[in-house]
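Let's walk through this model together, one region at a time. Keep the sequence and the coordinates side by side as you read.

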Amino acid sequence: MEGTRLSADLRMRRHAAEFVRDVTARSRLPLDYSVASLRVVDFVVDGLRKSGRDRTAVGHVLFGLGVYAGEVLVRRAGAVWVEFGEGQRELFGQPVGVRMPDGRVWNPLGKVVKRFEVGERESLRTFYLQLHGRTRAGLPGQPGLTDAGGTGDRAGRGADREAGHRVGRRAGGPSDGL
């Protein structure tokens, strides 16, 4: 299992780097892996949503934005990319997610899809700020909440109420991707 986790971690980190390189070569989006940059992700997803294109037409961009959002969790909150098992893939509708330091598994790729489908109330930045198990600022050797946008020291209590973001919970239907 360890080899699979490393494989997913390496693969997704490379994908995030390629996505950022390609997107920033075409535009001046400030994708710097900061928590504040998750507002940019929200803005881009909202633009795609307002364009009137359907999810399949923008699926590759949504996937790239989801990988980027997951990489922010890896770099800023101490998460690691993991392959989902068969049941998790079915539940989340995604092949990979991130495991937080507290052991919980989250689905940033599905969260981006949810933002596209539902709109503003599914903010990626708010999602980050509500995550349980984020590392706290000031711990030696740990990415913390000291970057722009990560001013709080404690995760909000709303994460468990978010529409089924963690393993074993499912509030929405099969298309919610979470």
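Gly-78 comes right after helix H3, and its phi is positive, near 75 degrees. Helices here are DSSP runs of H or I with at least four residues, strands are runs of E with at least two, and both are numbered from the N terminus. What you are viewing is a predicted model, in which local features need pLDDT of at least 70 and side-chain atom pairs count only at pLDDT 80 or more, while totals for chains, interfaces and linings use all residues. Residues are numbered from 1 along each chain as its sequence is written, and side-chain values use heavy atoms, with hydrogens and water left out.

Stay with H3 for a moment. Its 19 residues should span 27 Å at 1.5 Å a residue, and the end C-alpha atoms are 26 Å apart, which agrees; the expected span is 1.5 Å times one less than the number of residues. Glu-71 has its place in this helix. Is Glu-71 buried or exposed? Glu-71 is buried, because its relative accessible area is 0%; buried means under 20% relative accessible area, exposed over 50%, and partly exposed in between, with a 1.4 Å probe and protein chains only. The side chain of Glu-71 makes a polar contact of 2.7 Å with the side chain of Arg-13. By polar contact we mean a pair of N or O atoms within 3.5 Å; within protein, one must be able to donate a hydrogen and the other to accept it, and residues adjacent in sequence count only if both atoms are side-chain atoms. Setting aside neighbours within four places in sequence, Glu-71 is in contact (heavy atoms within 4.5 Å) with Arg-13, Ala-16, Tyr-33 and Trp-81.

Now turn to the sheet. It is open, with three strands in the order S1-S2-S3 and antiparallel pairing. Strand S1 (80-83) and strand S3 (105-106) are the edge strands, each pairing on one side only. Two strands count as paired if DSSP finds at least two bridges between them. S1 and S2 are joined in the antiparallel sense over four bridges; among the partners in S2, Val-96 bridges to Glu-83 and Gly-97 bridges to Val-82. Helix H5 (residues 108-118) packs on this sheet, touching S1, S2 and S3, and its direction makes about 115 degrees with that of S2. Helix H3 (residues 59-77) lies across S1 and S2, running at about 125 degrees to S1. For these angles, axes are lines fitted to C-alpha atoms, for helices over the stretch in contact, and the angles run from 0 to 180 degrees between N-to-C directions.

On the other side of S2, the pairing with S3 is antiparallel over two bridges, and Val-105 in S3 is the bridge partner of Arg-99. S2 and S3 form a hairpin with five residues between them, and Gly-103 in the turn has a positive phi of about 95 degrees.

Within strand S2 (residues 96-99) you will find Val-98. Val-98 is buried, since its relative accessible area is 0%. Beyond four places in sequence, Val-98 touches eleven-odd neighbours worth tracing on screen, including Leu-73, Val-74, Trp-81, Val-105, Trp-106 and Pro-108. The C-alpha atoms of Val-98 and Leu-73 are separated by 7.7 Å, although these residues are 25 residues apart along the chain.

Next, follow the chain back to helix H2. Its 14 residues should span 20 Å at 1.5 Å a residue, and its end C-alpha atoms are 20 Å apart, which agrees. The buried residues of H2 include Leu-38, Val-41, Val-44, Val-45 and Leu-48, along with Asp-42 and Asp-46. Which elements cover the buried residues of H2? Among them are H3, H5 and helix H6 (124-130). Just after H2, Gly-52 takes a positive phi of about 85 degrees.

In the loop between helix H1 (2-26) and helix H2 (37-50) sits Ser-34. Ser-34 counts as buried because its relative accessibility is 8%. Its side chain is joined to that of Asp-32 by a polar contact of 2.7 Å.

Finally, step back to the whole chain. Its secondary structure comes to six helices and three strands, following the pattern α-α-α-β-α-β-β-α-α along the sequence. Buried residues make up 48% of the 178 residues. Among contacts between residues at least 6 apart in sequence, 60% join residues at least 24 apart. The average pLDDT, the predictor's confidence in each residue from 0 to 100, is 78 for the chain, and 70% of the residues score at least 70. Over residues 136-178 pLDDT stays under 50, and the model has 102 contacts beyond four places in sequence for this stretch. Where pLDDT is low, the predicted coordinates should not be read in detail.
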